[in-house]
Every structure is written in C-alpha cells, then in structure tokens.
Amino acid sequence: MKILSIKSGFIIFSISFLIFSCAPRLSSSFVKEGYTDKAYSKIAVIGISNDLTPRLAFERTAVSLFKDNGINAVHGIDMFPQNMSKEDQQPANLMKIIKDNNLDGIITMSLIDTNDGHRYQQGNSYSVPAGYYRVGRHIYTRYITVNEPGYYVPTKSYVIEAVLYNLKGKLVEGKETWVWTGESALVNPSSLQSAALTFSREMVGQIIKDEIIIPK
C-alpha cells in the first residue's frame, strides 16, 4: 500500500497509515471525535497544486502565520519535492523522511474542485431629463429614472480542502491519523495563487481560534 503518490507530477498525499480517503469533506470544518492531543513539535505544511506558484503560496503563507502564533511549521516542499521519483515514493522511504525530519504532524491543502457558474448582476439606474415645468417664476427640469436590464456574469469558484494528520507515536500501516479537516469555496479570486493565499489565511485563523493546534 502506498504512503505517498504523485498525480500529474505533484505530491498528492495518500499516506496508507493515514487513510486519506476516509477524511470527511464538509463545507466548513470537522474535528475527529476524541481528538485531544493538540500540541505539536514540528508540522510540515504541504500545498498540493498543478502549479508550483500556488503550492508555494499555500506553504509560505501558512508557515509564516503558524510561526507568528508560536507553532513550529516548515515548508513541505523542502522534504517532499514535486519531482519525487517512484523509488522515493516507497512507504519505507517516506516514513524515513518523516522520522528524519522529526515531524509529528502534517497539513495538506489542496484544490479539490472548481465550479463555473453565473451570477445575476443588477442593471444600472440613472436619471435623465424628461421635460420642464414651471413653478411661479421658476422653471425646473423634470427627471425620470431609467433602469437598465440586468444580466448574468460568469463566475468561477475554487473549492479548497485542508487536512491535519497527527503522526505522533509509531507509524503503522492502516492506522487512521487524520484529526481535522476544513473546506472553503472561494468565488472569483483573481487566480489560483490568490485563492491559495486567502485560504491559507482563513485556515490558520480557524485552527488558531478553535485551538486545533497549540504550541508545544
């Protein structure tokens, strides 16, 4: 059973002892029942993307914000590069990387869906002159309001998910280690990189506020 796999040349986490496919995907966030061991010594942040730029945006933003809150976080790309060979992806090697780097937690952030849609845009309203009228010695201009028809504009939303894995203790195949997941749909960001930056900020803010991770 694989611990890590590469999809389109980029890291997609499917750590066998994490059972990635079992992690729930809710619109906001979900904490695994019984999760109490919230202090971590070293967490790797891994952005998953088909483009290096948003991956770096994921990792750099989240790592910086975690450090600002006293949490020791590191960039996943330093340990899990995008061009990992099949040999490097073998379970034994990946567990060795986790052990050698003293990681006791991993957070993955990935784009799980994109949605194209349309949003109704109300038409503009403005006043135009429509004749004149007299009141005593004064002449006034009469105005009427003209409403332009509404129209639909295209929209694009990025659905991004984060998953926190607790890797403390002995790593055993088949052991379920996800402890938290959060998801957000970002509508009409200027780019996937912009969406990555926004999501990273929201994710760290949620984790700190809810004390999903605390400094050790």
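# A guided tour from helix α1 to the nonpolar cores

Arg 55 is buried, since its relative accessible area is 1%, and the cut-off for burial is under 20%. The model to which Arg 55 belongs is a predicted one.

**First selection: Arg 55 and its partner**

With Arg 55 displayed, please add Glu 59. The two residues form a salt bridge, and their closest N and O atoms are 2.8 Å apart. Both residues lie in helix α1; because they are four residues apart there, about one helical turn separates them. Is Glu 59 buried or exposed? Glu 59 counts as buried, because its relative accessibility is 1%.

**Second selection: the whole of helix α1**

Extend the selection to residues 52-68, which make up helix α1. The 17 residues of this helix should span 24 Å at 1.5 Å a residue, and the end C-alpha atoms are 24 Å apart, so the model agrees with the expectation. Buried residues of α1 include Pro 54, Leu 56, Ala 57, Phe 58, Thr 61, Ala 62, Val 63 and Phe 66.

Next, inspect the two ends of the helix. At the start of α1, Asp 51 places a side-chain oxygen within 3.0 Å of the backbone nitrogen of Thr 53. After α1 comes Gly 70, which has a positive phi, near 80°.

**Third selection: Phe 66 and the largest nonpolar core**

Return to helix α1 and select Phe 66. Which residues does Phe 66 touch, leaving aside those up to four places away in sequence? They are Val 45, Ile 71, Ala 73, Ile 107, Met 203, Val 204, Ile 207 and Ile 213.

Phe 66 belongs to the largest nonpolar core, which has 29 residues. Together with Ile 107, Met 109, Leu 164, Met 203 and Ile 213, Phe 66 touches the most other members of this core. Elements contributing two or more residues to the core are β5 (43-48), α1, β7 (105-121), β10, β11 and α3. The greatest contribution comes from α3, with seven residues. A second core, separate from this one, has 16 residues, among them Ala 44, Met 79, Leu 94 and Ile 106.

**Fourth selection: Asp 210**

Asp 210 is found in the loop between α3 (192-209) and β12 (214-215). Asp 210 counts as partly exposed because its relative accessibility is 33%. Add Val 31 to the view: Asp 210 and Val 31 are 179 residues apart in sequence, yet their C-alpha atoms are 10.0 Å apart in space.

**Fifth selection: the other salt bridges**

How many salt bridges does the structure hold? The structure holds three, one of which joins Arg 55 and Glu 59.

Select Asp 37 and Lys 168 to see another, in which the closest N and O atoms are 2.9 Å apart. This pair links distant parts of the chain, 131 residues apart: Asp 37 is in the loop between β3 (29-31) and β4 (39-40), and Lys 168 is in the loop between β10 (151-166) and β11 (178-187). Asp 37 counts as partly exposed, because its relative accessibility is 41%, whereas Lys 168 is buried, with a relative accessible area of 16%.

Finally, select Lys 96 and Asp 100, whose side chains meet in a salt bridge at 2.6 Å, N to O. These residues are four residues apart in helix α2 (residues 91-100), and therefore about one helical turn separates them. Lys 96 counts as partly exposed, at 48% relative accessibility; Asp 100 is also partly exposed, with a relative accessible area of 47%.

Note on methods. Residues are numbered from 1 along each chain as its sequence is written. This is a predicted model: local features need pLDDT of at least 70, side-chain atom pairs count only at pLDDT 80 or more; totals for chains, interfaces and linings use all residues. Side-chain values use heavy atoms; hydrogens and water are left out. The expected span of a helix is 1.5 Å times one less than its number of residues. Buried means under 20% relative accessible area, exposed over 50%, partly exposed in between (1.4 Å probe, protein chains only). A polar contact is a pair of N or O atoms within 3.5 Å; within protein, one must be able to donate a hydrogen and the other to accept it, and residues adjacent in sequence count only if both atoms are side-chain atoms. A salt bridge is a side-chain nitrogen of Lys or Arg within 4 Å of a carboxyl oxygen of Asp or Glu. A nonpolar core is a set of buried Ala, Val, Leu, Ile, Met, Phe, Trp, Tyr and Cys residues joined through side-chain atoms within 4.5 Å. Contact means heavy atoms within 4.5 Å.
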